[in-house]
Amino acid sequence: MLVGLNKAWYAEQERTSFHFFNDNSQWKQVDKAGHFWGAFHQSRAGIDMLRWAGVPDKKAIVYGGLLGVVLQTPVEVFDGYQKDYGASVGDLVANTAGSAAIVIQELAWREVRIMPKYSFHKTRFAGERPNVLGKSLAEQALKDYNGQTYWLSVNVGDFMAEESRYPKWLSIAIGYGAEEIVYNHNATNHSLGFDAHRQYYLSPDLNLMHFKGRSKVLNTALYVLSIVKIPAPALEYNRKDGFKFHALYF
């Protein structure tokens, strides 16, 4: 997979000697949240696959938890040879933090109580730079950081006593995103009328893993869907508009 990615994605790009590139100030760090989310769920899958294979639980957590770093690090190595950018220390830190977050939870609780999630909606900003922010919906879901929101969904019921009447399926999610990021160069972005700003959200969420049953098909579907935030009402705060309420936020 990585060899194929190296040939397909980087084949036509000019290469240079390996170097690092500091992109920590770009995209209001929404891309770093994406790296955290991706590494978390790759490591989560690694842990669960080793458990399924019969590996002792602690070893499954430690070894499987490395999968996110193992899969993401080579991509940074590939980036390090590209002339227009390079390997990002910030990305490496975000990848490691994502993998560490699942390992810590599994070692502490033997379950995931705080689940990183992703949601996306189309924005008008992708049309301003389709080559960078994506032309198709699939491309924009990956590239248009204006439409991406990353969440930490807290399974509140898991922190309460077993006899508590709090519904175990109801979680509370805290979200982060940004908007009006068309150009990373602040002066250019501002001169074209875009005011890049951060967005913060609070929203109810479903703990989909609570609904597991005997059906392997259903359980697999819930496992996959648990990486995304379901559309729900949300309260937003940003410095431009203050507080805003969304009846249904994607």
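**Notebook: cavity, pocket, helix and cores**

Entry 1. I began with the largest cavity, and its lining is made up of M115, K117, N155, L206, N207, L208, M209 and S226. I note here that the model is predicted. I sorted the lining residues of this cavity by type and got 4 nonpolar, 3 polar and 1 charged. The space inside the largest cavity is about 40 Å³. I then counted cavities of 30 Å³ or more, and the count came to 1.

Entry 2. Next I looked up the second largest pocket, which has a volume of about 510 Å³. Its lining has 19 residues, and R44, V112, M209, K212 and Y223 are the closest to its centre. I asked myself which elements give two or more residues to this lining. They are α2 and α9, the latter covering residues 216–225. With 4 residues, α9 gives the most to the lining of the second largest pocket. By type, the residues of that lining divide into 4 nonpolar, 5 polar and 10 charged. I also noted that M209 appears in both lists: it lines the largest cavity and is among the residues closest to the centre of the second largest pocket.

Entry 3. I then checked helix α2, which runs over residues 30–52. How far apart should its ends be at 1.5 Å a residue? For its 23 residues the expected span is 33 Å, and the end C-alpha atoms are 33 Å apart, so the two values agree. Just after α2 I found G54, which takes a positive phi of about 95°.

Entry 4. I turned to the nonpolar cores. I reminded myself that in soluble globular proteins nonpolar side chains tend to be buried together. The largest nonpolar core here has 14 residues, and those that touch the most other members are W27, V30, Y118, Y150 and I181. Two or more residues of this core come from each of α2, β1 (114–120) and β3 (170–179). The largest share, 3 residues, is that of α2.

Entry 5. I picked W27 from this core and looked up what it touches. Which residues is W27 in contact with, leaving aside neighbours within four places in sequence? I found V132, L133, Y145, I181, V182 and N184. Of these contacts, I181 is also listed with W27 among the residues that touch the most other members of the core.

Entry 6. Last, I found a second, separate core of 8 residues, including I47, I61, V103 and V112. I had already met V112 in the second largest pocket, as one of the residues closest to the centre.

Note on methods: Residues numbered from 1 in each chain as written. Predicted model: local features only at pLDDT ≥ 70, side-chain atom pairs only at ≥ 80, totals over all residues. Heavy atoms only, no water. 1 Å grid on protein atoms, 1.4 Å probe; cavity = no way out; pocket = protein on both sides within 12 Å on 5 of 7 lines; lining within 4 Å. Points joined across faces, edges and corners; volume = space filled by probe spheres on them. Nonpolar A, V, L, I, M, F, W, Y, C, P; charged D, E, K, R; others polar. Expected span 1.5 Å × (residues − 1). Core = buried A, V, L, I, M, F, W, Y, C linked by side-chain atoms within 4.5 Å. Buried < 20%, exposed > 50% of the residue type's maximum accessible area, 1.4 Å probe, protein only. Contact = heavy atoms within 4.5 Å.
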